[in-house]
Amino acid sequence: MKDESEYNVLLLDDDPEVIAAISSLLALETKHNVLAFTSASEAFEAIETQEIDLAIVDFLMPGAMDGIEFLIALKKRQPYSIRMILTGYADKVNAIKAINEVGLYKYLEKPWDNEELLQIIREGLERRALLRRLTDQLGGSIPL
Amino acid sequence: MAQDTEANAMTPLEQLAQLMGEYKDRTIDVPVPQKLIEQVSAEFRVLQTAQRQLMQSKNMIMLGQLMAGIAHEISTPIASINSNVNLFSRSLDRIKTILGSESIPEELREKRQMVQIVNALDKLNQSNQTACDRIVQMVQSIRSSARGDMAELREIDIHDELENALTLVHHELKRRINVIRKYGDIPKCSCFPNRLNSVFVNMLVNASQAIEGKGQISIETFKDGDTIKVKFTDTGQGIPPENIEKLFEPGFTTKPPDQGIGLGLAICKRIVMDEHHGKIEVESEVDKGTTFTITLPIKQ
């Protein structure tokens, strides 16, 4: 299993306060490397060059690409990444779309609970590590 | 004779319109039968009530959309504040641990002012957390009562909906009304949650408005055969017997204009009876109080 500091956690939310709150929480309670973005297009550039272990994304965002489109792109490029949505707008249609098309790990609503969020991140990264080990043992890809 | 039959087939409004059309270019007085005037007046009142109901429904939909929009706008900033308040508390705990640690110089540990500052910050932060919790709870209650995707039949816990309604009317009840919960052991019930929520809000607001000064509202729930009963009892002024029968009629109200236009209970009745196939009953005694009992089938 990777050391905590080796995990790349991507945050994408157009609200800088949300980015600041979760980045500070992760800085205080974990050693993860946090990559934070307020636009999906910037985050999209990052996934072309960096491996993302876990992504926490809001789905309603201004600009050409929304959160779900970003997560679809992430799934295509990095299928073993753990993908989560954190949103203030509970919308059943988008939630179903996210679960079906994004292969979502968790769908969380704002306001979130810090302890619960940390627990979910921990479990998500354990799952990520397990997937990686299985892939290495099988010497190739495993179906998701 | 043929004309009479044709006239009879028309509604009073249509008859009046025809009469007016016939005489519109004449300057003579039109003798309109008294009975027709009464029929037209009665029909006009029905139309007026229907129009007010429609306006009220439209207003409720607009209000629901507005509330959902506001809740969404508040939920993101309050989510950050709520997280930061918690983070602040975690950070203070770390500082307290460091200050209590053996490894730091004695003189720093004994700086009473430093300890006092940390304790004061902790106390302030706890107060912020309480305030935040209240906003978060309010936003969640507004969201659950206003969200569009809940306009479908779902298995819900009636007690959760009652608590949501109580949060929404908190401002109406606080410091004046003592709420007593007599929640029984009841199963989940299939309902339209946001519709039922508006009935509960209505019941609580009515009960609160019936109480002058301080008083009490008790909410009792219990299972009765295949149904769940929800009783709202207030210690208010009560309803005179002559008004009990008119209570659920659209447009009937004894409240001042700024407190209602008399559609609340008519809408509640429609939601409970037509949409949930339940019952809504009232018992009241002047100067003692009123009990509204809502009966809902557990399965729709």
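**Chain B sheet, inter-chain salt bridges and surface of the predicted model**

With a relative accessibility of 14%, Arg90(B) falls under the 20% limit and therefore counts as buried. The model in which this value was computed is a predicted one. Arg90(B) forms a salt bridge with Glu29(A), and the closest N and O atoms of the two are 2.9 Å apart. This pair crosses between chains, running from helix α3 of chain B, which holds Arg90(B), to helix α1 of chain A, which holds Glu29(A). The partner in chain A is partly exposed, because the relative accessible area of Glu29(A) is 27%.

Across all chains, the search of the whole structure returned 17 salt bridges. Another of the pairs is formed by Lys110(A) and Asp13(A), with 2.8 Å between the closest N and O atoms. Lys110(A) lies in the loop between β5 (106-109) and α5 (114-138) of chain A, and Asp13(A) in the loop between β1 (8-12) and α1 (16-29) of chain A; the pair thus links distant parts of the chain, 97 residues apart. Both Lys110(A) and Asp13(A) are buried. In chain B, the side chains of Glu285(B) and Lys288(B) meet in a salt bridge with an N to O distance of 3.5 Å. Glu285(B) has 46% relative accessibility and so counts as partly exposed, while Lys288(B), at 56%, counts as exposed. Salt bridges with shared partners also join Arg90(B), Arg94(B), Glu29(A) and Glu115(A) into one network.

Chain B contains ten helices and seven strands. Of its 300 residues, 35% count as buried. Among the contacts in chain B with a separation of 6 or more, 72% are between residues 24 or more positions apart. The accessible surface of this chain amounts to about 18,100 Å², and 55% of that area belongs to carbon and sulfur atoms.

Five strands of chain B form an open sheet with mixed pairing, in the order β2-β4-β5-β7-β6. Its edge strands, β2 (177-183) and β6 (279-285) of chain B, each pair on one side only. On average, neighbouring strands of the sheet are turned by 15° against each other, direction ignored. The pairing of β2(B) with strand β4 (residues 215-224) of chain B is parallel and spans seven bridges. Within this pairing, Ile177(B) has Gly215(B) in β4(B) as its bridge partner.

β4(B) also pairs with β5(B), here in the antiparallel sense and over eight bridges. Ile217(B) stands opposite Asp234(B) of β5(B). The hairpin of β4(B) and β5(B) has two residues between the strands, and Gly225(B) in this hairpin takes a positive phi near 65°. The pairing of β5(B) with β7(B) is likewise antiparallel, over eight bridges, and Val230(B) stands opposite Ile294(B) in β7(B). β5(B) is largely enclosed by the rest of the structure, because six of its eight residues are buried.

Two helices of chain B were examined against this sheet. Helix α8 (residues 193-210) of chain B lies across β2, β4, β5 (227-234), β6 and β7 (289-297) of chain B, and runs at about 25° to β5(B). Helix α10 (residues 264-275) of chain B lies across β6 and β7 of chain B, at about 140° to β6(B).

His159(B) is located in helix α6 (residues 158-168) of chain B. Its relative accessibility is 14%, so His159(B) counts as buried. Residues up to four places away in sequence set aside, His159(B) touches Tyr183(B), Gly184(B), Ile186(B) and Thr221(B). Of these contacts, Tyr183(B) belongs to the edge strand β2 (177-183) of chain B, and Thr221(B) to strand β4 (residues 215-224) of chain B.

On the surface, Leu63(B), Leu66(B), Ile70(B), Ile74(B) and Ile135(B) make a nonpolar patch of about 420 Å². Helix α3 (residues 34-100) of chain B gives the most to this patch, with four residues. Leu63(B) is found in helix α3 of chain B and counts as partly exposed, because its relative accessibility is 42%. The helix that holds Leu63(B) also holds Arg90(B), which takes part in the salt bridge to chain A.

Technical notes:
Residues numbered from 1 in each chain as written. Chains lettered and ligands numbered in written order. Predicted model: local features only at pLDDT ≥ 70, side-chain atom pairs only at ≥ 80, totals over all residues. Heavy atoms only, no water. Patch = residues over 30% accessible without salt bridge, like charges linked within 9 Å, V, L, I, M, F, W, Y side chains within 5 Å. Areas by Shrake-Rupley, 256 points an atom, 1.4 Å probe, with all protein chains shown as cover. Salt bridge = Lys/Arg side-chain N within 4 Å of Asp/Glu carboxyl O. Buried < 20%, exposed > 50% of the residue type's maximum accessible area, 1.4 Å probe, protein only. Pairing = 2+ DSSP bridges. Axes fitted to C-alpha atoms, helices over the stretch in contact; angles between N-to-C directions. Contact = heavy atoms within 4.5 Å.
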